[in-house]
Amino acid sequence: MKPTIYDVAREAQVSIATVSKVINDSGRISDKTKQRVIAIMEKMKYQPSVVASALTGKQTFTIGLFIPDLANPFFAEIARYVEDRAQENGFSVVMCSTDHNIEKESKYIELLRQKRVDGFILASGFINDEILKELIEEKFPVVMVAQDFPTRTMDSVSTDDFFGGYIVGKHLLELGHKSIGVLAENWKAGTLELRWSSIERLRGIRQAMAEAQVPFHEEHLVICDSSVESGRASSAKFFEGKSRPTAIFATNDVLAIGVVQAAREHKKKLPEDVSIVGFDNTLLSTIVEPRLTTVAHPMAEMARKAMELLLNRMQDKDRMSSRIILPPELIERDSTRPL
């Protein structure tokens, strides 16, 4: 049978109330007693009841992590880093994959609130603005990671997407490319509304081109869903028209893989006929042939900062929100070359 709080108290020769204080890190208790109780809990492999903690209004030491698309390696890596940081701080993670679906987001938020999780980390792609507004107004601990949300006053950790697009533009221009296509991710499936990160990445490459006095042709902007298949089908436009770009920037690695597939279907040599750049520096970028030039997020640091912000918010729900923007890095590989 699993050990109970009574077993721990009896073994440590203390009261149940003392064990409870150790578990919840509350009340006045000597360090010596605290360490003895902790040692016995570890020896007995005692796990406090999350349900009981929730019913008494105490912390459950669980957080909800919302991921929009587990098929995208970027979010899988974010999840791994967040879980590592959470465990370091004594928290368990309940992960929810939403598939960019508003109804799923609502369902999971309601379910986890009933389970009394202590907070949420929302990875890039959370689209239910109404629920987000409610969480903020309730001062419920929530942090956005891997996406800036300038329309909401909330804690967030993201990459400087504008600068990421800018360094892609500088790289391609330095290689001599003056006809550049952009394949950008939309906000909601089936729409032409750009995701905020795509807006900023597009703005960054436009700025680099403007500084070099190289025009960006609007017909070279294609917007699509975030999947390899959508990237493949949509980027075919780049290879079928009369005005064909010599370089293509996809606003994430998943779309970039789709561009690689489309280029091969149109008998293009890579990078001899067209240079391709992605964004995210996922595992995909290293296993595709040619290896993908891409922009890297500081993912481990993003996860660390997100967990730090969430813990701070749990301790002080009235503190000012923090908006942390970290610098990206261009990773040059084999998919780009001088024109």
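Let's start in the middle of things: the largest nonpolar core has 28 residues, and Ile63 and Ile121 have the most contacts inside it. Keep in mind that this is a predicted model. Who supplies the core? At least two residues come from each of β1, α5, β3, β4 (142-145), α14 (299-315) and β11 (323-326). Helix α14 gives the largest share, 9 residues. As a general matter, nonpolar side chains in soluble globular proteins tend to be buried together.

Zoom in on Ile63 and you can see how many parts of the chain meet there. Setting aside neighbours within four places in sequence, Ile63 is in contact with Ala86, Phe91, Ser92, Val93, Val94, Val117, Gly119, Ile121, Met307, Leu310 and Met314. Besides this core there is a second, separate one of 21 residues, which includes Leu173, Leu202, Phe279 and Leu330. We'll come back to Phe279 later on.

First, the strand that carries Ile63. Is β1 buried on one face or covered on both? Both faces are covered: Thr62, Gly64 and Phe66 are buried on one side, and Ile63, Leu65 and Ile67 are buried on the other. Since 6 of the 6 residues of β1 are buried, the strand is largely enclosed by the rest of the structure.

Now for the partners of β1. With strand β2 (residues 92-97), β1 pairs in the parallel sense over 6 bridges, and Leu65 stands opposite Met95 in β2. To get from β1 to β2, the chain passes through helix α5 (residues 73-88), and this β-α-β crossover is right-handed. With β3, β1 again pairs in the parallel sense, here over 4 bridges. The bridge partner of Leu65 in β3 is Ile121, one of the two residues with the most contacts inside the largest core.

Further along the chain, β4 and β5 pair in the parallel sense over 3 bridges, with Asp155 in β5 as the bridge partner of Val143. β5 also pairs with β11, in the parallel sense and over 4 bridges; in β11, Leu326 is the bridge partner of Thr159. Strand β5 (residues 155-159) is mostly covered, with 5 of its 5 residues buried. Take the faces in turn: Asp155, Val157 and Thr159 are buried on one side, Ser156 and Ser158 on the other.

On to the rings. How many aromatic pairs turn up in a search of the whole structure? The count is 8. Take Phe66 and Phe120: their ring centres are 5.5 Å apart and their planes stand at 85°, which is over the 60 degrees needed, so the pair is edge-to-face. This pair ties together distant parts of the chain, as Phe66 belongs to strand β1 (residues 62-67) and Phe120 to strand β3 (residues 119-123), 54 residues apart. Both Phe66 and Phe120 are buried.

A second edge-to-face pair is made by Phe74 and Phe75, at 5.2 Å centre to centre with 70° between the planes. Phe74 has a relative accessible area of 3%, so it is buried; Phe75, at 7%, is buried too.

Ring pairs also join Phe66, Phe120, Phe126 and Phe140 into a cluster. Phe140 has a charged visitor as well: the charged end of Arg113 sits over its ring, 4.2 Å from the centre.

That brings us back to Phe279, which also has an arginine over its ring. Here the charged end of Arg201 sits 3.7 Å from the ring centre. Where along the chain is Phe279 found? It lies in the loop between β9 (275-277) and α13 (284-287). Why does Phe279 count as buried? Because its relative accessibility is 0%, and the cut-off for buried is under 20%.

The surroundings of Phe279 fill in the rest. Not counting residues up to four places away in sequence, Phe279 touches Asp161, Gly164, Gly165, Arg201, Phe249, Ala250, Thr251, Asn252, Asp253, Thr294, Val295 and His297. For a sense of where this is relative to another part of the chain, the C-alpha atoms of Phe279 and Ser124 are separated by 14 Å, with the two residues 155 apart along the chain.

How values were computed:
Residues numbered from 1 in each chain as written. Predicted model: local features only at pLDDT ≥ 70, side-chain atom pairs only at ≥ 80, totals over all residues. Heavy atoms only, no water. Phe/Tyr/Trp six-rings, centres within 6.5 Å; stacked < 30°, edge-to-face > 60°. Buried < 20%, exposed > 50% of the residue type's maximum accessible area, 1.4 Å probe, protein only. Lys NZ or Arg CZ within 6 Å of the ring centre and 35° of its normal. Pairing = 2+ DSSP bridges. Right-handed = clockwise from strand over helix to strand, strands pointing away. Core = buried A, V, L, I, M, F, W, Y, C linked by side-chain atoms within 4.5 Å. Contact = heavy atoms within 4.5 Å.
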